[in-house]
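Me: Could you take a close look at one part of this structure for me, the place where protein and DNA meet? I'd like the cut-offs spelled out as you go.

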2 protein chains.
Amino acid sequence: MLDKAALIVESFRPTGGPYRLAELARRTGLPKPTVHRLAADLVRLGWLERTDDARYRLGGRLFELGSLVPRRRDLREAALPFLQDLFEATRETVHLGVREGMEVVYLERIHGHDALQLPSHIGHSLPLSCTGVGKALLAFCGTELTEEVLARPLPCLTPHSLTDPARLRMALENTQVSGLAYEEQEAVLGVSCIAAPVFAGGDAVAALSVAVPRARFRPAQLAPAVRTAALGLSRMLRGGI
Amino acid sequence: MLDKAALIVESFRPTGGPYRLAELARRTGLPKPTVHRLAADLVRLGWLERTDDARYRLGGRLFELGSLVPRRRDLREAALPFLQDLFEATRETVHLGVREGMEVVYLERIHGHDALQLPSHIGHSLPLSCTGVGKALLAFCGTELTEEVLARPLPCLTPHSLTDPARLRMALENTQVSGLAYEEQEAVLGVSCIAAPVFAGGDAVAALSVAVPRARFRPAQLAPAVRTAALGLSRMLRGGI
DNA sequence: TGTGTCGTTCCGTGTCACGGAACAAACATT
DNA sequence: AATGTTTGTTCCGTGACACGGAACGACACA
């Protein structure tokens, strides 16, 4: 029963809803009466909400609980000042992401009034190989995982996404040397990105990035800012000042 | 059974853990074998995690789901640029909060390297009457709720918290006239705060605030910035530019 | 060695989750 | 207006599985 409830809640990814009852039954593969009963329980618990037109969406209680997750909250809290610095230095959309399995999960995204239309919402996950943050993490996470990713077919979000393992391997090697990862229209058309890993010990525990409309992408000017922020956060996590 | 699982998850508020098995049994009032079985299920679902010392804490999946909650995500997304403006104008800790029942829930908090030690974590809730954001919301949320709050005993976080209904009523009337709410050491000793409501239609749907160490609290300089940010966000939510 | 608390496993009991069937209401199509 | 379709909802008999007391070994402390 817990599994069924979780199935319902997870079926709201990645949009959060709202969905109708029949829609939920279809998405989860559960019988309609079962969804009806469980959804009612979840609403009572505040995990789901009913919209004015009687559809279901994820509920506020879930937000409150999710915000408390220690591993996420602590890293986000520590990183925020550096994300601020990075934003003020670049005036562009900046990201904080971590690796979760073979994907990148975004913990924070800061932008000004001219927000880019990006798929990198907070809590959203994307393939490691298609994003700057993902490549920065992948380049510094141990050989076995790198090989695992390279072995599988590479996911493809745009026509520019890297699908050739050899090219990805080369990009990762460059990143390992330079400490910077680049991405050009591989996640969204028209948007380029530069990222740097954050270390706490040997491996990368997170990565920062700046996403910029392709037209005004100037890597040489962004690189020092991203690197500085990432190094600053790394030092902070190491327990420094 | 869903209720028991929810009880376990909710028992992690407000810290997020980690807690030992026996600790969870005590906090929830459930028998130890029951907690053991349910917690194992929750770990399998990613809603809880086990620390290296075998304790339980809230899991990453919960963060991802919570970030998708539409009502929260959309407001936060819309407000972020204005929070940025407010932060850059004041260089102090800025908040975005909404009302949830008779409490305020914080959706976002932005700060620099000199972060204040505040209880206003994202997702955390505090009494309406003890915070600047709460008072701004309370002053513009309809008479019936205001009276409800004033009728009950006022919660008390510090010796400076308002416990006299008459004084709170006066403060709210001032806020209704000026469009600004003040709070001085009522939530945390040594920290003062100024807040402004955000409107979308008749009632306040959110509020912004700036929290400042009491020593350098200069309301006259903060007021225009907070008001400007709140009005800008209000216009944006009304579908403006 | 004794005493407390810990996490974990077992298993008989009884409960409550389950979902097919049937329902009315809303909408779409002709 | 008549028909068909999809919607959300309720009912209820059946059986699976959640439940938690009891007992276990491991560990810490005195």
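Reply: Happy to; here is a walk along the two DNA strands, followed by the contact between the chains.

A word on conventions. This is a predicted model, in which local features need pLDDT of at least 70 and side-chain atom pairs count only at pLDDT 80 or more, while totals for chains, interfaces and linings use all residues. Residues are numbered from 1 along each chain as its sequence is written, chains are lettered from A and ligands numbered from 1 in the order in which they are written, and side-chain values use heavy atoms, with hydrogens and water left out.

Let's start with DNA strand C. Around it are 15 residues, where being near a strand is defined as having a heavy atom within 4 Å of it. Lys4(A), Thr34(A), Arg37(A), Leu21(B) and Ala22(B) are the closest. Sugar or phosphate accounts for 73% of the strand C atoms within 4 Å of the protein, and bases for the rest.

Several polar contacts can be picked out here (a pair of N or O atoms within 3.5 Å; within protein, one must be able to donate a hydrogen and the other to accept it, and residues adjacent in sequence count only if both atoms are side-chain atoms). The side chain of Lys4(A) has an N or O atom 2.9 Å from a phosphate oxygen of strand C. From chain B, a polar backbone atom of Leu21(B) is 3.0 Å from a phosphate oxygen, and a side-chain N or O atom of Arg20(B) is 3.4 Å from a sugar or linking oxygen.

In terms of elements (DSSP runs numbered from the N terminus, helices being H or I with at least four residues and strands E with at least two), at least two residues each come from helix H3 (32–45) of chain A and from helices H2 (21–28) and H3 (32–45) of chain B. H3(A) gives the most, with four residues. By class, this surface has seven nonpolar, two polar and six charged residues (Ala, Val, Leu, Ile, Met, Phe, Trp, Tyr, Cys and Pro count as nonpolar, Asp, Glu, Lys and Arg as charged, and the others, Gly among them, as polar).

Now for DNA strand D. It has 15 residues around it, and Leu21(A), Ala22(A), Lys4(B), Thr34(B) and Arg37(B) come nearest. Of the strand D atoms within 4 Å of the protein, 70% belong to sugar or phosphate. Phosphate oxygens of strand D lie 2.5 Å from a polar side-chain atom of Thr34(B), 3.1 Å from a side-chain N or O atom of His36(A) and 3.3 Å from one of Arg26(A). H3(B) supplies the largest share of this surface, four residues.

Finally, the two chains also meet each other. Their contact (heavy atoms within 4.5 Å) takes 58 residues from chain A and 58 residues from chain B. Together they bury about 5400 Å², 62% of it on carbon and sulfur atoms; buried area is the accessible area (1.4 Å probe) lost on putting two parts together, summed over both. Between the chains there are 14 salt bridges (a side-chain nitrogen of Lys or Arg within 4 Å of a carboxyl oxygen of Asp or Glu). One of them joins Arg109(B) to Glu77(A), with the closest N and O atoms 2.2 Å apart. On the side of chain A that touches chain B, H5(A) gives the largest share, 13 residues.
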